[in-house]
Amino acid sequence: MNAGGSAKAALLTEDLIQRNESRHPTRRPRDAASLILVDRKHAIPRVLVGRRGKAHAFMPEMYVFPGGRRDPDDNRVGLARPLNEAVTEQLLRRTQARFGENAARGLAVAAAREMMEEAHLSLTPASEAGTLRPDVSHFRLLARAITPPGMPRRFDTRFFVCFTDEVGVDTAKACDSDELQDLTWLPIDSHETVALPRITKVVLTDLKEALEADRTLPFQRVIPFYYFRNGRFVRELI
């Protein structure tokens, strides 16, 4: 996009945010988490997305990764295996003092819980079936994004990622739910085949670039943090 086009896009984005703020007073973002499951047995890796229902206030009829807000009980759920220490350290960056390791662990639990609720894929080992006690030791942190002001819902979302073969997930067993329909294993370079929110496209691009740099996705890495400042989309590495 040329400079004139970029300036016009920025003005349109700022105008949209201002109009949204007039309809929806600024809300404090709530902690949330999404889990990107990567099926890497194909030449082009695939990720699981599903379509939100039209009745949803937030991103209706858009295809998204399974995920949702962190509930208070998530902080108290036990883990079959804990987060990698590097991932915990990443989750604690740029947070308030009251956001501690329990909250960081709760985000991982929320991601695993939402995967179970929305796609019926469990991250709890078979030996502990029937409970929510996920193995989150293979979770990497890919990105963080805060919903722009003026939206009917605002979230401070951490995007976790892991490989299906690492966590023993059978890709054929993903099943629609009331929250997500038309569950699809989407090639990471196929942004235009389904309706994706802008941030989902951005995070998919981050994932594609990260896999091209190192297909193992190291745990310890710098991650992008996306937010809006003065009506402009900001990408900061943290």
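## A hairpin to start with

Strand 8 and strand 9 (residues 232-237) pair up antiparallel, with six bridges between them. This is a predicted model, so to speak of the hairpin is to speak of a prediction. One of the pairings puts Tyr226 opposite Arg235, its bridge partner in strand 9.

Two residues sit between the strands of this hairpin, and Asn230 takes a positive phi there, near 55°.

## Strand 8 and its other neighbour

Strand 8 covers residues 224-229 and also pairs with strand 5, this time in parallel, over two bridges. Here Arg144 has Phe225 as its bridge partner in strand 8.

## A cavity beside strand 5

Arg144 turns up again in the lining of the largest cavity. The structure has one cavity of 30 Å³ or more, and the space inside the largest one is about 30 Å³.

Gln90, Leu91, Arg93, Leu141, Arg158, Ile223 and Ile238 are also among the lining residues. Helix 2 (85-91) and strand 5 each give at least two residues to this lining. By type, the lining has four nonpolar residues, one polar and three charged.

## The second largest pocket

Strand 5 (140-146) has a part in a pocket too: along with strand 1 (30-39) and strand 6 (155-163), each supplying at least two residues, it helps line the second largest one. That pocket has a volume of about 530 Å³.

Its lining counts 19 residues, with Arg28, Pro29, Asp31, Arg70 and Arg98 nearest the centre. What kinds of residues make up the lining of the second largest pocket? Ten are charged, five nonpolar and four polar.

Definitions and conventions:
Residues numbered from 1 in each chain as written. Predicted model: local features only at pLDDT ≥ 70, side-chain atom pairs only at ≥ 80, totals over all residues. Heavy atoms only, no water. 1 Å grid on protein atoms, 1.4 Å probe; cavity = no way out; pocket = protein on both sides within 12 Å on 5 of 7 lines; lining within 4 Å. Points joined across faces, edges and corners; volume = space filled by probe spheres on them. Helix = DSSP H or I, 4+ residues; strand = E, 2+ residues; numbered from the N terminus. Nonpolar A, V, L, I, M, F, W, Y, C, P; charged D, E, K, R; others polar. Pairing = 2+ DSSP bridges.
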